[in-house]
Amino acid sequence: MKKIELFTDGACSGNPGNGGWGYILKYKTAVKESFGGCEETTNNQMELTAVIEGLKALKEPCEIDLYTDSRYVLDGCQKWLTGWKKNNWKKADKKPVLNQELWMALDEQLQRHHITWHWVKGHAGHTENERADTLACQGRDLYTSK
């Protein structure tokens, strides 16, 4: 199984507002970057989208070291996702999970890969996290400059 590094980030001007996502995939010496964005979104939606898009870019199941500065994504995947699915996409307070469609899309991607999660502090000089942030801002700026 290929061993991949995936670095992701999301950005938003206002919350909600115009947003962007970015990711960096590294495999041996190869590097792939991508970004995108949309209008009227939230930072959490863009953080989730960055991970989904990064995982979707992989053509086969991989072993992935995934780096994110989003506690929402990290905690969702490591602590909450199993319970949400068991409770028909409802939280402990019986209210529907926010961003359910994105969480379902992410869950589908998670089933394909073996992921080791890593949290990195955002805007703290981590090279790839800073680059993923730059990409996410480029995606956001596609809509902000209109």
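These legends walk through a few close-up views of a predicted model. Residues are numbered from 1 along each chain as its sequence is written, and side-chain values use heavy atoms, with hydrogens and water left out. As this is a predicted model, local features need pLDDT of at least 70 and side-chain atom pairs count only at pLDDT 80 or more, while totals for chains, interfaces and linings use all residues.

**View 1. Five strands make an open sheet.** Their order is β3-β2-β1-β4-β5, with mixed pairing. (Strands are DSSP runs of E, at least two residues, and helices are runs of H or I, at least four, numbered from the N terminus; two strands pair if DSSP finds at least two bridges between them.) At the edges sit β3 (30-41) and β5 (114-119), each pairing on one side only.

**View 2. β1 meets β2.** Residues 2-14 (β1) and 17-27 (β2) pair in the antiparallel sense over ten bridges. Look for E5, which stands opposite K26 in β2.

**View 3. Helix α3 has a buried side.** Within α3 (residues 100-110), you'll find W103, L106, D107, Q109 and L110 buried (under 20% relative accessible area with a 1.4 Å probe, protein chains only; exposed is over 50%, partly exposed in between). These buried residues cover an arc of only 160 degrees around the axis, which puts them on the same side of α3; the arc is that of the directions from the helix axis to the C-beta atoms. E101 and E108 are exposed, on the face turned away from that buried side. The cover over the buried residues includes α1, α2 and β5, counting contact as heavy atoms within 4.5 Å.
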